[in-house]
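Thanks for asking me to look this one over. Here are a few points to read with the structure open beside you.

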Amino acid sequence: MGQMRLVVVGAGGRMGRALTRAVVETPGADVVAGIEREGSELLGKDVGELAATGTLGIPVTDDPLSAFAKADGVLDFTAPAASLWYAELAAQARIVHVIGTTGWAEGEDEPLKAAARHARIVKSGNMSLGVNLLASLVRRAAAALDTDFDIEVLEMHHKHKVDAPSGTALLLGEAAAEGRGLDLGAHSVRTRDGIMEPRRTGDIGFATLRGGSVIGEHSVIFAGEGERIELTHRAGDRQLFARGAVKAALWGFDQKPGFYSMADVLGLND
């Protein structure tokens, strides 16, 4: 394979700029377009200058259809509604679509499976190697420990993050539920306030913290009688998610159309 031609959607956002930097720094990958919404003040700006990588000679555009037609893949950390639209375009172009978008409502991402009949979709609530390894460890720990160990997921992010729990927290909660053979939707506790019933056996609790500039911290706590096990990941650099997304795109280039996760990319499903 030669250079993989990649489109960055949401190119002017924090993650979009990080994605552009990651592509520029990765051998075997090139940025061929940057997309922003219609009417954005960033239209016409150079993608490389926005990402502080130097001029690339690629102006930001609001025409994803033309961009996808000349690309091998798209990197997408936008919003659910936008990602669904981009998935349709990626399916038409039969390219790789890497989705790091979070904040999905239950069932909202179902149309992605139809798009995956033609596109190679890699979707994950977190693109980092460490977090996906953590999810694998959580799944095994949940399976190994009986229900005398209660499971709680704690996450903290910067004050600007709008979705809660985070996509990563849900990824880890799902891993715990899979380890226990449970339906997360039926055993998920998202809020606790006031006088409550005692904790139900088998519930998986979520606690959300927001403040400052925290990029992402996640812990899964297994609390038993007289002992506690904590598995934790702390992100200190947003670039680690961007590098993971580019890795996923390069991996997806040689795959058949389908719906994949970072666990597939990293070989953690074996």
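**Notes on a predicted model**

1. In helix α6, the buried residues are Val131, Asn132, Leu134, Ala135, Ser136, Val138, Ala141 and Ala142. Please keep in mind as you look that the model is predicted.

2. What do these buried residues of α6 pack against? Their partners are two helices and three strands by label: α7 (167-180) and α10 (262-265), together with β6 (150-157), β9 (216-224) and β10 (227-235). On spacing, an α-helix has 3.6 residues a turn, so residues three or four places apart point the same way.

3. The length of α6 also checks out. Helix α6 covers residues 129-144, and its 16 residues should span 22 Å at 1.5 Å a residue; the C-alpha atoms at its ends are 23 Å apart, which agrees.

4. Next, the annotated site. The UniProt record, an unreviewed entry, puts a "binding site" feature at Arg37. Arg37 sits in the loop that runs between β2 (29-35) and α2 (47-50). Is Arg37 buried or exposed? Arg37 is exposed, because its relative accessible area of 60% is over the 50% cut-off. Apart from neighbours within four places in sequence, Arg37 contacts Leu43 and Asp62.

5. Finally, internal space. The count gives one cavity of 30 Å³ or more, and the largest cavity holds about 30 Å³. Its lining is made up of Thr147, Phe149, Asp150, Ile151, Arg180, Arg199, Gly202, Asp203 and Ile204. Sorted by class, that lining has four charged, three nonpolar and two polar residues.

Note on methods: Residues are numbered from 1 along each chain as its sequence is written. This is a predicted model: local features need pLDDT of at least 70, side-chain atom pairs count only at pLDDT 80 or more; totals for chains, interfaces and linings use all residues. Side-chain values use heavy atoms; hydrogens and water are left out. UniProt positions are given in the numbering used here, feature names are shortened, and annotations may be inferred rather than shown by experiment. Helices (H or I, at least four residues) and strands (E, at least two) are DSSP runs, numbered from the N terminus. Buried means under 20% relative accessible area, exposed over 50%, partly exposed in between (1.4 Å probe, protein chains only). Contact means heavy atoms within 4.5 Å. On a 1 Å grid over the protein atoms alone, a cavity is a set of points where a 1.4 Å probe fits but cannot get out, and a pocket is an open set with protein on both sides within 12 Å along at least five of seven lines; lining residues have an atom within 4 Å of a point. Grid points are joined across faces, edges and corners, and a volume is the space filled by probe spheres set on the points. Ala, Val, Leu, Ile, Met, Phe, Trp, Tyr, Cys and Pro count as nonpolar, Asp, Glu, Lys and Arg as charged, and the others, Gly among them, as polar. The expected span of a helix is 1.5 Å times one less than its number of residues.
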